[in-house]
Amino acid sequence: MPALPGFIIMATHYKDIQFAITDRVARITFARPPLNILTIAMMKEISDAIAQVGQASDTCAIVFAASQSTRAFCAGVSIEEHKPETVYQMLDGFHSVFRALNTVSKPVIALVGGAALGGGCELAAFADIVIASTAARFGQPEIKLGVFPPLGAFVLPRVIGEKRARELVLTGELLTAEMALSFGLVNHIVADGTLEAKAEEFLTTFRQMSVPGLEMARRAMIQTMGLGFDEALKRAEDIYLNELMSFKDPHEGVEAFIAKRPPRWKHK
């Protein structure tokens, strides 16, 4: 049975994040003051929360945001955990977040009200929709420490273009919200305090859609990146015919259109 508006169907207590699924939307809020620096423990919490989203089949989107008690969206991964004795666990923990997002394949919205640096910028780049306040800043400062962002190295060129991505990664310089918008890293800029209101516009749309349709559309876009034309088309066809069409919703959508009535989605 679908959740009633505002009704929490799933919530888990964590140390460094807040997590709940409300009105078919999963919200993961970073709550590690002051700058939401990611630790191995915090990244495990995020991955665990995303895995729980996969158990709620009618969840239509995942929203990442920062708690009002913090001053940044996310200022990256803990520098202390870049040390040789923890760097493997750190990188695996960070990349596990993105593997989990790919597995559940829900639309991802990032609400950026402050700095999104390092891993925070990579998360924004990976999100489907980024809504930023005028105070938001984006950057990959890893190069200033003599390292580079592995995920950003291949995601950023696809999102903002090859030359701009090289400049961002190789200089470590910051982008204003306006620059990030012009680069294509940000979808919308809004006034401070209106991030949630803008997000709700998209969430209202997503709630009207078939969840399998949303998931398979996102999966097709992700899994065809970088492929040649024939291989990409074949992969998209495979997702459409062998994955999407195994659900009931595509058939309901066609029947509803023919009958000239609103579709009654089952989200399965």
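**The cavity**

Begin with the enclosed space in this predicted model. A search of the whole structure finds one cavity of 30 Å³ or more, and the largest cavity holds about 70 Å³ of space. To see its walls, select Phe30, Leu38, Met43, Ile46, Phe64, Cys74, Phe94, Val97, Phe98, Gly119 and Leu123, the residues that line it. Next, colour helix H1 (40–53), H2 and H3, the elements that each give two or more residues to this lining. Which element gives the most to the lining of the largest cavity? That element is H2, with three residues. Colouring the lining of the cavity by class shows ten nonpolar residues, one polar residue and no charged residue.

**The largest pocket**

Move now to the largest pocket, where about 580 Å³ of space lies. Its lining is made by 26 residues; select Phe126, Asp128, Arg218, Ile222 and Met225, which are the closest to the centre of the pocket. Then highlight helix H2 (87–104), helix H3 (119–126), helix H4 (150–160) and helix H8 (211–223), the elements that give two or more residues to the lining of this pocket. H2 and H3 have therefore been met before, since they give two or more residues to the lining of the largest cavity as well as to that of the largest pocket. By class, the pocket lining has 18 nonpolar residues, with four polar and four charged residues making up the others.

**Gly226**

From the pocket, go to Gly226, in the loop between H8 and helix H9 (229–243). Is this residue buried or exposed? Gly226 is exposed, its relative accessible area being 75%. Add Phe154 to the selection and display the distance between the two C-alpha atoms: Gly226 and Phe154 are 72 residues apart along the chain, and these atoms are separated by 10.0 Å.

**A cis peptide bond**

Select Pro33 and Pro34 next. The peptide bond from Pro33 to Pro34 is cis, and its omega is near 0°. Pro34 is placed in the loop between strand E3 (25–30) and H1.

**Two residues with positive phi**

Asp23 is the next stop, in the loop between strand E2 (17–22) and E3. Its phi is positive, at about 50°, although Asp23 is not a glycine. With a relative accessible area of 17%, Asp23 is buried, because buried means under 20%.

Continue to His267, in the segment after helix H10 (249–259). Phi of His267 is near 60°, again a positive value in a residue other than glycine. His267 counts as buried, at 12% relative accessibility.

**The whole chain**

Finally, zoom out and show the chain as a cartoon. Ten helices and eleven strands can be traced in the chain. The radius of gyration is 19 Å, close to the 18 Å that the globule rule gives for 268 residues, so the chain is as compact as a globular protein of that length. Taken along the principal axes, a box of roughly 60 × 45 × 40 Å is filled by the C-alpha atoms of the chain.

Switch to a surface display to consider the outside. The chain exposes about 13,500 Å², of which carbon and sulfur atoms supply 60%. Buried residues make up 48% of the 268 residues. How much of the contacts with a separation of 6 or more comes from residues 24 or more positions apart? Such residues account for 66% of those contacts in the chain.

Terms used
Residues are numbered from 1 along each chain as its sequence is written. This is a predicted model: local features need pLDDT of at least 70, side-chain atom pairs count only at pLDDT 80 or more; totals for chains, interfaces and linings use all residues. Side-chain values use heavy atoms; hydrogens and water are left out. On a 1 Å grid over the protein atoms alone, a cavity is a set of points where a 1.4 Å probe fits but cannot get out, and a pocket is an open set with protein on both sides within 12 Å along at least five of seven lines; lining residues have an atom within 4 Å of a point. Grid points are joined across faces, edges and corners, and a volume is the space filled by probe spheres set on the points. Helices (H or I, at least four residues) and strands (E, at least two) are DSSP runs, numbered from the N terminus. Ala, Val, Leu, Ile, Met, Phe, Trp, Tyr, Cys and Pro count as nonpolar, Asp, Glu, Lys and Arg as charged, and the others, Gly among them, as polar. The radius of gyration is taken over C-alpha atoms; the globule rule is 2.2 Å times the number of residues to the power 0.38. Buried means under 20% relative accessible area, exposed over 50%, partly exposed in between (1.4 Å probe, protein chains only). Contact means heavy atoms within 4.5 Å. Accessible areas come from the Shrake-Rupley method with a 1.4 Å probe; for residues, only the protein chains shown count as cover.
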